[in-house]
Amino acid sequence: MTRKLTRRQFAAGTAASAALLAGSAPFNIVRAQGAKLKIGSIHPRSGFQAQLGIACQRGIDIAPRVLKMMGMGADIEIMSADTESNVDVARSRAEKLINDGANVLIGAFDSGQSAAIAQVAEQKGVPYIINVAAAPQITEQGYKFVFRNFPTAPMLVGDGLNLMKGVFEKSGITPKTAVFMHVNDTFGQAMAGAIKAMAPRFNLPFQIVETIAYDPQAKDLSVEIAKAKATGAEMLMPVTRLNDAILMVREMVKQRWEPKIVMSPGAPGFYENQFYKTLGKFSNYLLTNVPWYNPRSPITQKLLDEFTKSYKGELFELNVGFSFEAVMIAVDSFTRAKSTGGKELADAIRQTRIENHVMAGGVLQFNEKGQNVNVKSVTLQNLDQRPKVVLPLDISEDNLTLPMPGWSKR
Amino acid sequence: MPPELVATVALQGILTGLVYGLMALGLSVIFGVVRVVNFAHGEMMTIASYAAIVAFGAWNIDPLLSMVPIAMLLFALGYVMQSVLINPFINRPEHSQFILLAAVAIVMVNGLLMIFGPDARNVLVDYSLDSIEIGPLLVDKVRVITAGMAILITAALFAFFRLSHTGKAIRACADNHLGALVIGLNVKHLYALTFGIGSAIVGAAGAMMTLLIDTTPNIGPVFTLQAFVIVIVGGLGSMPGALLGGVLIGLSEAMSGLFFAPSAKTMFGVAILILVLLFRPQGLLGRRP
């Protein structure tokens, strides 16, 4: 049976539809399928962490182009903010980004700043993807909107100690004694604590004969190296930042201390551009166990090509890779959620399962705490004044070279 | 602990301390005469360091050579700063002088940040990583050279103040300001000259420092504080006191790093400062007011 629509009924229906549309319009405008995803990138681009924050930002900036080339193009807008290497500024910038319409936040390189941003994101119900920061407590708070693609400090140390055994096995050189030197800041102390707690479980073949903590503002490490040298240890295990890593190696050369192995259990310094520029041939043969990009992944190659084109002379390293992947996670989730709503995006991120990605490790996925559980470290060795993956063998770029040649034989 | 380790560390500490002493000497000279504490001291040294880095990067000039024109440049900067900026504040309360020079320091740090960025920069000359063997001891060659230069510059400055007419006139201003005015000395010019000389010394120290440490714009305030500690320990206004203070701080840092914890080095330097303030407030070689 067909009913004729009267003029009065049509007018009432139209009015009701208009009212319904008007009532739900704000939600429809913001969250409609095909809407633009606004990504708030928040990093320390000035202050003492500026170099590293800028490296992260580069990974974010080239992500839209590379993702488009990979067929993952989505309508996205990058909104950038500078934390000035300061926790309080990080918090206020995160609030501003959200107030300005950011649907998802990515950052922030530093654990302290990331923890502050996480509080804001959780409070406002906006998903936050941590690209680089290792303090474990950030993903132990029961947050629903916070996700981390980077390993926690215990994961870093666990991987680092495991890889050490691999290095000894592959090279046939097993040191009996080691000196542990670490920068005396939050990160250095967290790493020292994790190593102390976890080392017995890994049944390491060497004994740590001396632990030397030094000032993060140190201008000179001559005393520290003299003390380390006097132990006669066969291995140096340093946890450094960039500037102190340069000071440390320079002082080792001056004092002619040549341990068989210098291997960082998981810290920055040795694989950074400035390190190679400053130390030249003396930067070679040092080892670092660190989460790194998979050089054999096709996506890495695409990203590397684009990075080299965009930033000539700059080093493609982990900060770039993890930051790119954070955008990849956001875009992938947005595509599946078909919404820019905080809850919908967070649910989609929780369901993430990306098999082909940039960083070494298994399938990119998060546990119930929001932590990527499959990210893995590799062993890097500085060869030809650049970092090369030497372990695990299935993604290695070069052969492990040990013992280290003496400083005067280079 | 092996005795050669203790001897090596002690020697390194003394050599480093001599360069610290040279850095602090400029501060001491300026205060001794003009009675103004230069709160932009470390920042001026950082400017000199960047000048040496630029000279090395652009023309491959060794900082031990470029320190001569850099010292002259800093002399000019110091002379102008005193004549134009600081002189009107000479008779104002000390907090006004402090705010003025603290503001100058902030401008300098941020100016350097804008020009050079936050990255650490350094100078690597052929002998940067060389060491000298003295019996069982292995001593950093750069430290030996820079410490030698520090002693030479201090001796030259001492001779200038003792033997030259201008040096004597400056000392006269320091001893009796009113008397200097009465006998017709151009006190304003002599003050500016003193500020220039103090700045030239810090310029030479800054150039040499590039051979020892990496330079960042933010290192200025650290050196300002360190210079204060040194001159207060040695005696504010005393030239030999500045060197002695530098050596004491350098040695205490080295030995505390060796026997206690390296991360406590700064703490021991400051502990010496507290002891000196308690038991000899005028400093080890300072005169009682």
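Me: Where in chain B is the place of B:Met72?

Reply: Keep in mind that we're looking at a predicted model here. Follow chain B along to residues 63-86, which form a helix. B:Met72 sits in that stretch, so to speak, and the helix is α3 of chain B.

Me: Is B:Met72 buried, exposed or partly exposed?

Reply: Count the C-beta neighbours inside 10 Å, and B:Met72 has 14. A residue needs 20 or more to be buried, and 12 or fewer to be exposed. With 14, B:Met72 counts as partly exposed.

Me: How many Å separate the C-alpha atoms of B:Met72 and B:Ile99?

Reply: Along the chain, B:Met72 and B:Ile99 are 27 residues apart. In space, the separation between their C-alpha atoms comes to 27 Å.

Me: What should helix α2 of chain B span at 1.5 Å a residue, and what is the distance between its end C-alpha atoms?

Reply: Helix α2 of chain B takes in residues 41-59, which makes 19 residues. The expected span is 1.5 Å times one less than the number of residues, and for this helix that gives 27 Å. The end C-alpha atoms agree with that, being apart by 27 Å.

Me: Is α2(B) mostly covered or mostly open, and how many of its residues are buried?

Reply: Buried means 20 or more other C-beta atoms within 10 Å. By that count α2(B) is mostly covered. Out of its 19 residues, the number buried is 15.

Me: Which residue follows α2(B), and what is its phi near?

Reply: Just after the helix comes B:Asn60. Its phi is positive, with a value near 60 degrees.

Me: How many residues does each chain bring to the contact, and which element of chain B gives the largest share?

Reply: Chain A puts in 28 residues and chain B puts in 26. On the chain B side, the elements giving two or more residues are α1 (3-34), β2 (137-140), α10 (239-259) and α11 (265-279). The largest share there is five residues, and it comes from α1(B).

Me: What classes of residue make up the side of chain B that touches chain A?

Reply: Sort that side by class and you get four charged residues and nine polar ones. The remaining class is nonpolar, with 13 residues.

Me: How far apart are the C-alpha centres of the domains of chain A?

Reply: The domain assignment splits chain A into domain 1 (7-151 + 295-376) and domain 2 (154-291 + 379-409). They do touch: 17 residues of domain 1 are in contact with 14 residues of domain 2. On the domain 1 side of that contact there are eleven nonpolar, two polar and four charged residues. As for the C-alpha centres of domain 1 and domain 2, the distance is 33 Å.

Me: Where does the cis peptide bond from A:Gly107 lead?

Reply: Omega is near 0 degrees for this bond, and it is cis. The residue it reaches is found in the loop between β3 (104-107) and α4 (111-124) of chain A. That residue is A:Ala108.

Me: Which residue comes after A:Leu391 across a cis peptide bond?

Reply: Here too, omega is near 0 degrees. The residue in question has its place in the segment after β12 (386-391) of chain A. Its name is A:Pro392.

Me: What is phi of A:Tyr285 near?

Reply: A:Tyr285 lies in the loop between α9 (273-279) and β10 (287-291) of chain A. It is partly exposed, because 18 other C-beta atoms lie within 10 Å. Phi is positive in this residue other than glycine, near 75 degrees.

Note on methods:
Residues numbered from 1 in each chain as written. Chains lettered and ligands numbered in written order. Predicted model: local features only at pLDDT ≥ 70, side-chain atom pairs only at ≥ 80, totals over all residues. Helix = DSSP H or I, 4+ residues; strand = E, 2+ residues; numbered from the N terminus. Contact = placed C-beta atoms within 7 Å. Nonpolar A, V, L, I, M, F, W, Y, C, P; charged D, E, K, R; others polar. Domains from an automatic or database assignment.
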